Amino acid sequence: MKKILYTLALAVTLWSCKTGSTSGKSNIVGVNINLVDVKDDKVLVTVTPPKIKTDEIIYSIPKTVPGTYSTDNYGKYSEDFKAFDVKGNALTVKRLDDNSWSISNAKALAKITYLVNDTFDTEKGTGFGNDDVFSPAGTNIKAGVNFMVNTHGFVGYFKDNLEVPYKVTITHPETLWGATSMTDEDASNTSDIFTTSRYAVLVENPIMYSKPDYTTFNVNGMDILIAVYSPTGKYTAESITPEMKTMMTAQKNFLGKVNATKKYTVLLYLSSMAKDDAHGFGALEHPTATTVVLPESMPKEKLVESMKDVVSHEFFHIVTPLTIHSKEIQYFDYNAPQMSEHLWMYEGVTEYFANLFQINQGLIDEAEFYTRIADKIEQAKSLDDTMSFTVMSKNVLEQPYKDQYLNVYQKGALIGMCIDIIIREKSNGEKGILDLMHKLSSEYGIEKPFNDDELFAKITSLTYPEVGEFLNKYVKGTTPIPYDFYLAKVGVTKAREKKAGPIFLKGQTPYITIDKQTKEIAVRSDIEPNEFFKNLNLKGGDKILAVNNKAYSLENIYDLITESETWKENDPITLKVKRGTKEETIKGTVKLPFEETETFKATDASKDKLKNAWLKG
């Protein structure tokens, strides 16, 4: 569910080296979040309980939330937890672990209070593979400027009271506006009131407070809100809206009747990349919203491209798991989560749709689509191709399965592709995997989950025996998928092409590093240089001080990497380098590191009808 931009994260690895008026006697949880009186970068939260009939009650903040597939312990960011009776007397509180507190004499409980720290401040900024809270699922507290209120980071729940309604009052500076898919029930400019039917609905509704910068438009009956926080004002909601409107219109056209969402919100937080700012780039989906975190330093073209990538993926989660899901997701346990076996569908089919809709709606051509498929096959090869996908999914919070999560975007998408091709072949091109998802949406739905162990049989009954055989052999089983066999069914076979790779990265290995003392960008001496470095006679140990009269260092290394992606073969280039203690200027031309890569091409014209049904059906 969370869509991670690993290419962005990889660039960062180069561095390493008013109390609610609700009475405690009513069957509702009242919450007040004070975004006005921020002290020491902490926000005060006050909670009034529903009816409590036990002598002891446990209040918990989530350990894990849906869509992250990681243990994040949001409770550890809360402190100074206190409980009071109606007269203001303190009740005995015991902290049970990072995320839970036990309150004694609970029948007398009138309110609890605690302070919340934000997660952005704690991110180490070393890219992926660390224990940071993934930024789009995290929280930000920047008094008077920005608050990223992922509600699970501020608000918890009382044990056995997950189905109780919530009334949340948020007091905020008049200069800040809260972007969300929820409806503010308070006309005041300094107070917002949101009500939800239960805790799970609150968790799925993030709010971003910042200076108002948003656009709204309607796509086929769905109201879209795009809100942007850009620290320097480099980007505005208006500047990215045309591309978002084009993309989301295409998505709605592709999905057709499967979706009836009335409002959808995209919250874009652009990071300054400062030490105390967000470093986990990507997005996290919700039923009616997506939170996106990207670096503000990205060039416009790359920003829009990344937005298309992550938002299209998250939007397709409307289909699964937000509509089609198992009991593990419907009855999610925030502090002892049981994971579902079907990440191949929740993430894989979603990622497949995020690529298929673009060729289907004419946003990309066939060559680009085949390149994406080839890239996913190549990436999947670098992971454990013999690990059962259902076993990995069920155990994704633990090792060794946790390290294989990345494969949901690679092999998971390819699983979706193969099932699509099987259904197309068996139905003479008339149906595909989108038809299957329509049927599953009708069979189940937002309030009707399936049993994990019954899904394969249900899919088989709705499609063909061959689909069931594929699922059992290649998804539940440990046999690697013969992608060539399935692609040949639609007349597509392997081909080779010469392609320019990144200048400063080879796979996941950078050609440059950072001098820890000076923060200068240095050419590595322990890796064979590519054509770009050889042509300019750059040597290991050379410090790159400037390119085309723009200075670079640790502070803006991301700029260098993203800007290099726009360089063309034989473009003139001027570098200022330091070799030893001497600075010199190197003038020359750009030579891109071309390499032969595998892709696919349509080579069997007799299969064109089926291929066109697959890609354009």
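These exercises work through salt bridges and one helix pair in a predicted model.

**Exercise 1. How far apart in the chain are Lys489 and Glu425, and in which elements do they lie?**

Solution.
- Start with the contact. The side chains of Lys489 and Glu425 form a salt bridge, at 3.1 Å from N to O.
- Now place the partners. Lys489 sits in the loop between helix H13 (483–488) and strand E22 (492–500), and Glu425 belongs to helix H9 (residues 411–426).
- The two are 64 residues apart, so the pair links distant parts of the chain.

**Exercise 2. Is Lys489 buried or exposed? Classify Glu425 as well.**

Solution.
- Lys489 has a relative accessible area of 16%. Buried means under 20%, so Lys489 is buried.
- Glu425 has 32%. Exposed needs over 50%, so Glu425 is partly exposed.

**Exercise 3. Which parts does the Lys494 and Asp484 pair tie together?**

Solution.
- The closest N and O atoms of Lys494 and Asp484 are 3.4 Å apart, and the pair is a salt bridge.
- Lys494 is in strand E22 and Asp484 is in helix H13, so the bridge ties parts 10 residues apart in sequence.
- Check accessibility. Lys494 is partly exposed at 45%. Asp484 is partly exposed at 37%.
- Widen the view. Asp484 and Lys494 belong to a salt-bridge network with Arg496, Glu596 and Glu598.
- The structure as a whole holds 30 salt bridges.

**Exercise 4. Describe the salt bridge of Lys550 and Glu563.**

Solution.
- The closest N and O atoms are 2.9 Å apart.
- Lys550 lies in strand E28 (residues 550–551) and Glu563 in helix H15 (residues 557–564), so the bridge joins parts 13 residues apart in sequence.
- Lys550 is partly exposed, with a relative accessible area of 30%. Glu563 is partly exposed too, at 23%.

**Exercise 5. Are helices H11 and H12 roughly parallel or roughly antiparallel? Name the contact residues.**

Solution.
- Helix H11 (residues 455–462) packs on helix H12 (residues 465–476) at an angle of about 150°. Their axes are 7 Å apart.
- Angles over 145 degrees count as roughly antiparallel, so H11 and H12 are roughly antiparallel.
- The crossing of H11 past H12 is right-handed.
- H11 contributes Phe456, Ile459 and Thr460 to the contact. H12 contributes Pro465, Val467, Gly468, Leu471, Asn472, Val475 and Lys476.
- Sort the residues of this contact by class: six are nonpolar, three polar and one charged.

Definitions and conventions:
Residues are numbered from 1 along each chain as its sequence is written. This is a predicted model: local features need pLDDT of at least 70, side-chain atom pairs count only at pLDDT 80 or more; totals for chains, interfaces and linings use all residues. Side-chain values use heavy atoms; hydrogens and water are left out. A salt bridge is a side-chain nitrogen of Lys or Arg within 4 Å of a carboxyl oxygen of Asp or Glu. Helices (H or I, at least four residues) and strands (E, at least two) are DSSP runs, numbered from the N terminus. Buried means under 20% relative accessible area, exposed over 50%, partly exposed in between (1.4 Å probe, protein chains only). Axes are lines fitted to C-alpha atoms, for helices over the stretch in contact, and angles run from 0 to 180 degrees between N-to-C directions. Angles under 35 degrees count as roughly parallel, over 145 as roughly antiparallel, 65 to 115 as roughly perpendicular and the rest as oblique. A crossing is left-handed if the near helix is turned anticlockwise from the far one by less than a right angle, and right-handed if clockwise. Contact means heavy atoms within 4.5 Å. Ala, Val, Leu, Ile, Met, Phe, Trp, Tyr, Cys and Pro count as nonpolar, Asp, Glu, Lys and Arg as charged, and the others, Gly among them, as polar.
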